[in-house]
Amino acid sequence: MTITSSVSPALKIGLRFFGLWPGVSYSTIYWASFMLSMLIVQYFQYLYVFHHLKMSELSNLVDSLVVTLDYSLSFIKLASLWLHRRVFHKVLKDMDNDWRECINVDQHLYMMTIKANISHFFSNVLLSFNVIVATLYLLGDYVIRFIFLTANDNDTVRQLPVKIQFPFDMQQSPIFELTFVTVFIHTMLQLWTIAIINGLIFTLVIHVSGQIDIICDEFKNISKSITFYGSYTSFGMLVERHNKIISFSDNIEQLFSFIVLMQVVWNTLVICCLGFIFIISIHNGTGVFMLVKTILAYLAITTEVFLICFVGEYLSHKGTSITNATYETLWYDMPPNQCKIIMFIMMRSQKQLAISAGKMLDMSFETFTSIMKASASYVSVLIAMY
């Protein structure tokens with residue numbers, strides 16, 4: 001089957017479910033219903049947090065904050081995407097136009113198909129990874145309790161997959177079973193939301209990188225034997241395509257700038273919580289099982305931070321490749337008026353393509369290192385307080 005879109009079918013299904021995909025009937029109802037359900041769950045989650053806000057229950061409190069903060073982050077992400085849905089729809093429209101233009105050129109279609117295959121593959125990997133890690137994390141407590149209850153049957157309190165406090169007695173059947181299934185499915189949907197948004201960021205950056213590769217390839221094909229008119233026309237098309245890339249990158253920045261800022265803040269806090277749980281688990285009787293659960297969650301959160309820093313670094317690197325490709329053309333054998341066009345393209349390509357956190361911090365590998373260092377410092381403070 002021929003690929004005609006950079007967005008994978010799994011991402012389309014997720015975006016349609018949340019009412020963000022253009023043309024979906026009753027999209028507002030879908031989005032509002034899911035957001036309302038998240039608000040209800042958040043209320044009971046923070047109710048649990050405030051009820052256990054004690055130094056004597058610090059370990060349990062930190063454990064509950066992991067999922068609670070992730071819920072809050074997902075809520076903010078969906079709200080931000082909804083507020084910028086017009087920008088998002090414009091981005092999708094520009095992507096469709098790019099695919100229509102490259103269909104007429106086999107080399108361009110080949111490049112975009114490779115990029116689309118990469119984005120589809122990694123989007124599916126992200127979705128699968130989040131589902132597996134989330135399932136193991138949510139069911140980890142039951143494994144721990146099952147093993148330890150075989151030796152001590154005094155604890156008969158049944159627990160939900162996440163730390164949450166409802167205003168009714170849920171210990172009796174079938175209330176507990178219904179509540180368990182509802183909370184489990186809703187938590188999986190929330191974690192699926194994270195994978196959808198991360199996959200979307202990755203897909204958009206991979207798409208624009210494909211357009212950059214097309215420009216670089218066109219610069220390589222420019223020959224000094226081209227006539228004045230033909231060369232001028234070719235440069236005009238490249239300038240137009242370059243402007244589209246800059247506009248597309250600006251839209252990505254506008255769409256995800258606030259989301260990335262919240263991602264950095266929230267993930268730093270969650271990594272601190274997980275690091276604190278990791279240290280405490282070493283000294284507890286349930287250390288081995290809690291360590292496995294904590295490591296899985298830590299891998300998921302760290303992967304999420306690394307992915308955003310990676311796409312930011314990759315986008316910046318691809319932006320500089322336009323300057324290199326322009327300089328490597330035979331500009332010294334071209335007429336002066338064409339050399340001026342080359343110069344203006346090089347000057348315009350000096351504008352760095354980047355994904356920033358609230359327009360304050362560009363995402364890169366250096367930023368990822370800073371986040372990990374800051375998280376380690378906060379964990380040391382928590383351990384000292386504990």
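Helices and strands here are DSSP runs, numbered from the N terminus.

**Figure 1. An overview of the chain in a predicted model.** Welcome to the whole fold before we zoom in. The protein chain has 10 helices and 2 strands. Read from the N terminus, its elements run α-α-α-α-α-α-α-α-α-β-β-α. Of its 386 residues, 50% count as buried.

**Figure 2. Two neighbouring phenylalanines and their rings.** Searching the whole structure gives 18 aromatic pairs. In one of them, the ring centres of phenylalanine 121 and phenylalanine 122 are 5.4 Å apart, with the planes at 85 degrees. That angle is over 60 degrees, so the pair counts as edge-to-face. Phenylalanine 121 is exposed, at a relative accessible area of 51%, while phenylalanine 122 is partly exposed, at 39%.

**Figure 3. A ring pair that links helix H8 with helix H10.** Here the rings belong to phenylalanine 306 and phenylalanine 368, with centres 5.4 Å apart and planes at 80 degrees, so this pair is edge-to-face. Phenylalanine 306 sits in helix H8 (residues 287–327) and phenylalanine 368 in helix H10 (residues 365–385), so please note that the pair joins distant parts of the chain, 62 residues apart. Is phenylalanine 368 buried or exposed? Its relative accessibility is 16%, and because buried means under 20%, phenylalanine 368 counts as buried. Phenylalanine 306, with a relative accessible area of 37%, is partly exposed. Both residues belong to one aromatic cluster, formed by Phe306, Phe310, Tyr314, Phe365 and Phe368.

**Figure 4. A nonpolar patch on the surface.** Tyr110, Ile114, Ile118, Phe121, Phe122 and Val125 make this patch, which covers about 550 Å². You will recognise Phe121 and Phe122 from the ring pair in Figure 2. Tyrosine 110 is part of helix H5 (residues 106–149). With a relative accessibility of 52%, tyrosine 110 counts as exposed.

**Figure 5. An arginine over a tryptophan ring.** In this view, look for the charged end of arginine 85. That end sits over the ring of tryptophan 82, at 4.2 Å from the ring centre.

**Figure 6. Two loop residues with positive phi.** As a reminder, most residues other than glycine have a negative phi. Tyrosine 26 has a phi near 55 degrees. Where is tyrosine 26 found? Its place is the loop between helix H1 (9–17) and helix H2 (27–51). Tyrosine 26 counts as exposed, at 60% relative accessibility. Lysine 359 has a phi of about 60 degrees, again positive and again not in a glycine. Lysine 359 lies in the loop between strand E1 (356–357) and strand E2 (361–362). The relative accessible area of lysine 359 is 63%, and because exposed means over 50%, this lysine is exposed.

**Figure 7. Two buried cysteines.** How many disulfides does a search of the whole structure find? The search finds 0. For the bench, a quick reminder: a disulfide is a covalent bond between the sulfur atoms of two cysteines. Cysteine 102 is buried, with a relative accessible area of 2%. Cysteine 309 is buried as well, with a relative accessible area of 0%.

Key
Residues are numbered from 1 along each chain as its sequence is written. This is a predicted model: local features need pLDDT of at least 70, side-chain atom pairs count only at pLDDT 80 or more; totals for chains, interfaces and linings use all residues. Side-chain values use heavy atoms; hydrogens and water are left out. A disulfide is a pair of cysteine sulfur atoms within 2.5 Å. Buried means under 20% relative accessible area, exposed over 50%, partly exposed in between (1.4 Å probe, protein chains only). Rings of Phe, Tyr and Trp (its six-membered ring) pair if their centres lie within 6.5 Å; planes under 30 degrees apart count as stacked, over 60 as edge-to-face and the rest as tilted. Helices (H or I, at least four residues) and strands (E, at least two) are DSSP runs, numbered from the N terminus. A charge sits over a ring if NZ of Lys or CZ of Arg is within 6 Å of the ring centre and within 35 degrees of the ring normal. Patches are made of residues with over 30% relative accessible area and no salt bridge: like charges are joined within 9 Å, nonpolar side chains (Val, Leu, Ile, Met, Phe, Trp, Tyr) within 5 Å. Accessible areas come from the Shrake-Rupley method with a 1.4 Å probe; for residues, only the protein chains shown count as cover. A salt bridge is a side-chain nitrogen of Lys or Arg within 4 Å of a carboxyl oxygen of Asp or Glu.
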